[in-house]
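These are notes on the model you sent, set out as numbered points. They cover the annotated sites, the metal, the pocket and the salt bridges.

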Amino acid sequence: MSYYRIDLVFRLIVAACRMNFVLNVGRRLLSKMRQCSRLRLLYGLCFLLLFIFICTPRRVAGGAGAYPSMHWARGRNTPWTGFQGKCHLPPSPKLKPVNHVDDSLDLGSRTDVKTCTTWGAPIMWDGMFDPDVYDKHHIKMGASVALTVFAIGRYLETYLMDFLSSADRHFMVGLPVTYYVFTDAPENVTGVNLKAGRTLETIMVKRHKRWQDISMMRMETIADAIQTRIRHRHRYVFCMDVDQVFVGRFGSEALGDSVALLHSSFYNTPQETYTYDRQPNSTAYMETGDFYYHAAVFGGTWQSVRNLTESCLRGIMTDKRNGVEALWHDESHLNKYFWLHKPSKVLSPEYCWNFLNGPSREIHVKRLLWAEKHYDILRS
Ligand code: UDP
Ligand code: MN
C-alpha cells in the first residue's frame, strides 16, 4: 500500500470520527431547542450569521483579477502586504532568471501549496497567474511551440487520436503549434482535423523490441528532431507521453526556459518515497534531490530541451555499456538531469493528474489527465 493510500485511509477514519461527534452534538442541541423557544431564536440567528459569512466573497489584499480565484491584479506598484504562502522569496525582485511575464505571478495567492523552489523558480498552480497576461505576452513575442509525442505499436490506435484532438482544444490555444508524431506506422495517422494555426508532421521511427527502450530512446529521437527541424521553426518544445488527455487549459503560462513537472503521486509525499535510481553503478544514481519529476511532460526552449535530451541519452548509453538500467528508465535520467540543472519553471500536478489519486484539496483545476493504462495488451 502506498504512502498516499495509507494517508487517505487515515484521513477518512478521522473524518468519520469527527462526523460522529458533530452528529451527536447536533442531536443534543435539537432536543434542547424543542424545549425552549428563545433558544430556537438564538440558534436561528447564529445559523443566519454563519450563512451570510460563508456566502460573502472575501478579498485578498489588492482585490481579485479577471480570472477566477486569482488575486494577482493588485497593481505592480502596490507594496506587497499579503501572506507569502509557502514561498520564501521576497515580493520583489522575485524570480530568477528575470522573465518579465513571470513577474506578474502572485506567489502569495496560494497559501496551501509551495509556489516557488529554493532556487527561485515558480511552481505553477491555479490562481497564481492571469492567462490573458501570458497569452498576450507570448503572442506579442511571436512564440511558437513544438509538441513531440510518440505513438509506437498499439499506443497509436489506443491513445493518439484522443491526445491530439484534446490538445487542439486545450494546449497553447492562440499560439502556433506543430505536433511532431513519431511512429512506426505513419500510414495509420489519419483523420486528424486540426484547428487553424496547427500543423502535424509524422516522422517514421524504428520500433525497439523492449518497451523500456522505446521509452528511453525517445531522448535520442527528440534530440535529432530538434537539431534537424524544430530549432529552425519553434522557440519552445514540449515533450509528452501519448497516454494522456487534455481536459483544461494547458496554456502559455507553462512556457519557460526549462520546464519540469511534479509527479502527481509524489508532490505531497516525503523525500524518502521518491523512486530515484539507487544503483551506484548507474549514471542516474541519486541519493537525494529536490522533487520527484514526471517524465510524461517536460519542455522549454529548444536549446534547453536539446541539452536535456542529449544529456539523458549520454547517461542511458553509458548505462547500456555498463550493463545497468536505471530503475524508471528515462524518468530516472530526467530526475538526475533536473537535480544537476535546475528547471526555471515547475508545473504543479494540475498539469498531469492521475484520476486514480482521487480528489485532492490543492488541485482546483485539472489540465491534463492520465489515460487508463493497459500494459498487458499494449506492451505485449
Ligand atoms: N511508447 C509507445 N509505444 C510503446 C511504449 C511506449 O509509443 O510500446 C511511448 C508512448 O508515447 C508512451 C511513452 O512512450 O506514452 C512512455 O511509455 P508509457 O506511457 O507506457 O510509460 P509510463 O506512463 O507507464 O511511464
Ligand atoms: Mn505514459
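Where is the place of Ala 151? Ala 151 sits in the loop between β2 (145-150) and α4 (155-170). Please keep in mind that this is a predicted model.

1. Surroundings of Ala 151. With a relative accessibility of 0%, Ala 151 counts as buried, because the limit for that class is under 20%. Leaving aside neighbours within four places in sequence, Ala 151 is in contact with Leu 156, Leu 160, Phe 182, Thr 183 and Asp 184.

2. The annotation that includes Ala 151. UniProt, in an unreviewed entry, has a "binding site" annotation covering Phe 150, Ala 151, Ile 152, Tyr 155, Asp 241, Val 242 and Asp 243. These residues are spread over 94 residues of sequence but cluster in space, the largest C-alpha distance being 11.5 Å. Among them, Phe 150 and Asp 241 belong to the lining of the largest cavity.

3. The manganese ion. Protein donors to the manganese ion (ligand 2) come from Asp 241 (OD) and Asp 243, the latter listed with OD twice, at 2.1 to 2.5 Å from the ion. Asp 241 has a relative accessible area of 17% and is buried. Asp 243 is also buried, with a relative accessible area of 8%.

4. Position and contacts of Asp 243. Asp 243 is found in the loop between β5 and β6. Not counting neighbours within four places in sequence, Asp 243 is in contact with Tyr 159, Trp 370, Ala 371 and Lys 373.

5. A salt bridge at Asp 241. Besides being a donor to the manganese ion, Asp 241 forms a salt bridge with Arg 218, with 2.7 Å between the closest N and O atoms. The pair links distant parts of the chain, 23 residues apart: Asp 241 is in the loop between β5 (236-240) and β6 (244-246), and Arg 218 is in helix α6 (residues 218-233). Both Asp 241 and Arg 218 are buried.

6. The largest pocket. About 910 Å³ of space lies in the largest pocket. The lining has 35 residues, and the closest to the pocket centre are Ser 215, Asp 241, Lys 373, Tyr 375 and Arg 379. Two or more lining residues come from each of α5 (211-216), α8 (330-340) and α9 (375-378). Of the elements, α5 gives the most, with 3 residues.

7. A second annotated set. Which residues does UniProt list for another "binding site" in the unreviewed entry? The record names His 263, Thr 275 and Glu 331. They span 69 residues in sequence, yet no two of their C-alpha atoms are more than 10.8 Å apart, so they gather at one spot. The lining of the largest pocket includes His 263, Thr 275 and Glu 331.

8. His 263 and Thr 275. His 263 lies in the loop between β7 (258-261) and β8 (297-301), and Thr 275 is found in the loop between β7 and β8. Is His 263 buried or exposed? At 7% relative accessibility, His 263 counts as buried, while Thr 275 is partly exposed at 24%. Apart from residues up to four places away in sequence, His 263 touches Tyr 292, Tyr 293, His 294, Glu 331 and Trp 370. On the same basis, Thr 275 touches Phe 266, Tyr 292, Leu 327 and Trp 328.

9. Salt bridges elsewhere. The count comes to 17 salt bridges. One of them joins the side chains of Asp 126 and Arg 367, at 3.7 Å from N to O. This pair links distant parts of the chain, 241 residues apart: Asp 126 is in the loop between β1 (123-124) and α3 (131-140), and Arg 367 is in the loop between β9 (345-347) and β10 (368-370). Asp 126 is buried at 4% relative accessible area, and Arg 367 is buried at 0%.

10. A further pair and a network. The side chains of Arg 210 and Asp 213 meet in a salt bridge at 3.1 Å, N to O. Arg 210 is partly exposed, with a relative accessible area of 34%, whereas Asp 213 is buried at 11%. Salt bridges that share partners join Asp 126, Asp 135, Arg 249, Glu 253, Glu 350 and Arg 367 into one network.

Key:
Residues are numbered from 1 along each chain as its sequence is written. Chains are lettered from A and ligands numbered from 1 in the order in which they are written. This is a predicted model: local features need pLDDT of at least 70, side-chain atom pairs count only at pLDDT 80 or more; totals for chains, interfaces and linings use all residues. Side-chain values use heavy atoms; hydrogens and water are left out. UniProt positions are given in the numbering used here, feature names are shortened, and annotations may be inferred rather than shown by experiment. On a 1 Å grid over the protein atoms alone, a cavity is a set of points where a 1.4 Å probe fits but cannot get out, and a pocket is an open set with protein on both sides within 12 Å along at least five of seven lines; lining residues have an atom within 4 Å of a point. Helices (H or I, at least four residues) and strands (E, at least two) are DSSP runs, numbered from the N terminus. Buried means under 20% relative accessible area, exposed over 50%, partly exposed in between (1.4 Å probe, protein chains only). Contact means heavy atoms within 4.5 Å. A salt bridge is a side-chain nitrogen of Lys or Arg within 4 Å of a carboxyl oxygen of Asp or Glu. Donors are N, O and S atoms within 2.8 Å of the metal (3.2 Å for Na, K and Ca); water is not among the atoms, so sites may look incomplete. Grid points are joined across faces, edges and corners, and a volume is the space filled by probe spheres set on the points.
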